[in-house]
Amino acid sequence: VKAVQKVCDRFEQMHPGVKVSQQGIAWADLGPKLYTAMAAGTPPDIAHLNCYHFRSFQKQRAIIPIDDVYKAIGLNDVVESVRDMTLFQGKRWGISHHVGAPLLMIRKDIAEQAGFKVPEDITTPMFKTWAEQLEYLKAVTKPDKRQWGMSLPGTGYFLQEHVGRWVGSNGGGYYDEKWNPIFHTEPFVQTLEFVKALSDNKVVPPDWLSQSWLGMIVEFSTGITTMIDHGYGRIAGSIEKYAPDKASEEYFVPIWRPVGPLGKIPYTDMDAELWVIFSKSKTQDLAKEWLKLFYTRDLYLNYVRQHPIHMPPILRSLRNDPEYRALPELKKWSKWVRQQEIYIDKGQAIPVGVYYPAKNIQIPFLAEVFDSGIIADEIVGCVQGRRKPKEAAQRITDRANDLIKKLGYPVPDPIRSEKKI
């Protein structure tokens, strides 16, 4: 917030008489708040969107193309992983403020005390499959010492995020090539079985269904849990706050993700939220100038250095900048930084809410389904034993199809609503 405010302050100095105000909103609340503002005809001029919001907002003509912003900052200076992410109908509709990935993080010291070897090579799996991972979590779970194997969020937005990346690592996805929901298929069903196994085997804290994202961070940082599958770089700050004597990769380290029974390649999310400009803005030109200013070298460096492990820059020029490369956090947490790069460079990081395959970002109803709560509702019902995994998975598909119909898309094969993608 402070770094964004610095951009706002600079912008006001450059444009006398212009006032810029910002409002911080939690990611889980962002979609509903923006939907409400759009319905009222009062969206902001500029906002962050999750990647899965892009096509829905573009389809509703709620946002405008910003190709001239890309041109001003240098299209070829933007890393390939995000440069064309919002390219649709020959135009770019949003620009990422950073690009990173959540990793599977482990307490190395606890693992080794339990007799497990943590590979030095960050691309060598410590365990190859979910089954092996579960056995590990059982071995390190010690409720009498208030130590559980793994943190897991019960709040809907982040629970869906976990399940999405696991489905990708089990050879599946949320939609097929014709945009039909495929939650009822075996890769998703097996993922629900894995989530239920984590809960039934009590390798997650007993209150996990009410756990928040911030709560997970504290659990992992303080040693209440030995693993977190939501290892965003922001956690480094929490570790340094709650466990300063252990804030190093001798204690906290990323490990390569295992795969599910049907999986061959592990996937994670690509964290690359977008700046967009709303079509109802009366100051679109000024909004574009604000974005151009945001990416100028000193202001952008000041922004990413707030959480350098969490927010790698999208500009090659800044990545190669000596001052950026000298940031102490990048050296202190070098494996954390490098493993994110590997997943992204290999195409094994898919935008949050999109999941495998990455081209599904073009689906125009991703946001409505993801933000509806349908997926999280049925996952929780399964975990609590109210529904069998297959029943819960089929209900997600059925409920998603009902919502897609209400939104005006043909079912089956919603892709028929558009001639060209």
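This short talk walks through the overall build of one protein chain and then turns to one of its helices.

Please keep in mind that this is a predicted model, in which local features need pLDDT of at least 70, side-chain atom pairs count only at pLDDT 80 or more, and totals for chains, interfaces and linings use all residues. Residues are numbered from 1 along each chain as its sequence is written, and side-chain values use heavy atoms, with hydrogens and water left out.

Let me start with the whole chain, which has 20 helices and 10 strands, these being DSSP runs numbered from the N terminus, with helices (H or I) of at least four residues and strands (E) of at least two. Its radius of gyration, taken over C-alpha atoms, is 21 Å, close to the 22 Å from the globule rule (2.2 Å times the number of residues to the power 0.38) for 421 residues, so the chain is as compact as a globular protein of that length. Along its principal axes, the C-alpha trace spans about 60 × 55 × 35 Å. Of the 421 residues, 58% count as buried, meaning under 20% relative accessible area with a 1.4 Å probe, protein chains only.

Now to helix 10, residues 213-222, where 7 of the 10 residues are buried, so this helix is largely enclosed by the rest of the structure. The buried residues there are W213, G215, M216, I217, E219, F220 and S221, and their cover includes strand 5 (103-107), helix 8 (156-168), strand 6 (227-231), helix 11 (235-242) and strand 7 (252-255). Just after helix 10, G223 takes a positive phi of about 85 degrees.

Technical notes:
Buried < 20%, exposed > 50% of the residue type's maximum accessible area, 1.4 Å probe, protein only. Contact = heavy atoms within 4.5 Å.
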